[in-house]
Amino acid sequence: MLYFIGLGLGDAADITVKGLQAVKSCSRVYLEAYTSILTVGKEALEEYYGKELILADRDLVEQGADEILKDADATDVAFLVVGDPFGATTHSDLVLRAVQAGIPYRVIHNASIMNAVGCCGLQLYNFGETVSLVFWTETWRPESFYDKICKNRSAGLHTLCLLDIKVKEQSVENLMRGRKIYEPARYMTVQQAADQLMQIVQRRREEGAELGMTEDTVCVGLARLGADDQVVRTGTLRQLASCDLGPPLHSLVVSGRLHPLEVDMLRLTAEPDALEGLKAIDSSTYCS
């Protein structure tokens, strides 16, 4: 049996009872180590689970999946994922490979950013398409995430923005030379995400384009959701560009139309004057 087990968002203790029982029954336990991170390291998980963990980086999962699946038809193997197992499409691919190999599988779910984001006060059924914000480089500055945010806002929907993670990445030079030398891990912050969005807004403004959001759009910054030191901060995009929310992981929410109850919830974490620019569309709807 191949188990896909969600670990939740905080630390070692966030695994479910059912998940922990499955881990203890497995002969091999892999820890997926590139789509997200917990607030504790591999050693803390090994101590809590009572099992040695094998780190599974992107290369192993996407190119060496046969190693993970080896003998899983005869013995129990676990694949641990921070959050919920299906928070990344990579893991759907692993399921399909298991099925094709005749290996039975079981999924044990857990909390993920996709539902825990509701703690910021915005109602989950008012969210549109989730988008990913990537680190820009000198030669690559995509803006497709901005267009998706604007599409959501035009429908009155909020947008959860998942911020880029660079783990075990190689420089272009080392990649071209075939050298297995990796860059230090990088995690995009809310500040960086807000800054990139403001640069896009300014460029579109200079082009005379109609703006789907501005520097005064109400957003929510989230850091280390599910951990004891989680941070939730509501502010305009401009305000969040100067807010330090501490260590990773960070996420950003761009608001759409707001119900009065959502506005009241946002006030609990709002920066000074963050909600002063809200406009009433009607008696039960606001927007920024």
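In this predicted model, Met265 comes out as partly exposed, with a relative accessibility of 34%. Met265 is part of helix H11, which covers residues 260–267. Together with Leu261 and Leu268, Met265 makes a nonpolar patch of about 310 Å² on the surface.

Helix H2 (residues 42–49) is worth a look from both sides. Its buried residues are Leu45, Glu46 and Tyr49. Viewed down the axis of H2, these buried residues fall within an arc of 100°, so they line one face of the helix. That fits a general point: an α-helix has 3.6 residues a turn, so residues three or four places apart point the same way. What do the buried residues of H2 pack against? Their partners are helix H1 (17–25) along with two strands, E2 (28–32) and E4 (77–81). Turn to the face of H2 that points away from the buried side, and the exposed residues Glu43 and Glu47 show up. Just past the end of H2 comes Gly50, which takes a positive phi of about 70°.

Then there is Ser251, which sits in strand E12 (residues 250–254). Is Ser251 buried or exposed? With a relative accessible area of 9%, Ser251 falls under the 20% cut-off, and therefore counts as buried. Leaving aside residues up to four places away in sequence, Ser251 touches Ile113, the run Leu160, Cys161, Leu162 and Leu163, then Val190, and finally Val220, Gly221 and Leu222.

Terms used: Residues are numbered from 1 along each chain as its sequence is written. This is a predicted model: local features need pLDDT of at least 70, side-chain atom pairs count only at pLDDT 80 or more; totals for chains, interfaces and linings use all residues. Side-chain values use heavy atoms; hydrogens and water are left out. Patches are made of residues with over 30% relative accessible area and no salt bridge: like charges are joined within 9 Å, nonpolar side chains (Val, Leu, Ile, Met, Phe, Trp, Tyr) within 5 Å. Accessible areas come from the Shrake-Rupley method with a 1.4 Å probe; for residues, only the protein chains shown count as cover. A salt bridge is a side-chain nitrogen of Lys or Arg within 4 Å of a carboxyl oxygen of Asp or Glu. Helices (H or I, at least four residues) and strands (E, at least two) are DSSP runs, numbered from the N terminus. Buried means under 20% relative accessible area, exposed over 50%, partly exposed in between (1.4 Å probe, protein chains only). Contact means heavy atoms within 4.5 Å. The arc is that of the directions from the helix axis to the C-beta atoms.
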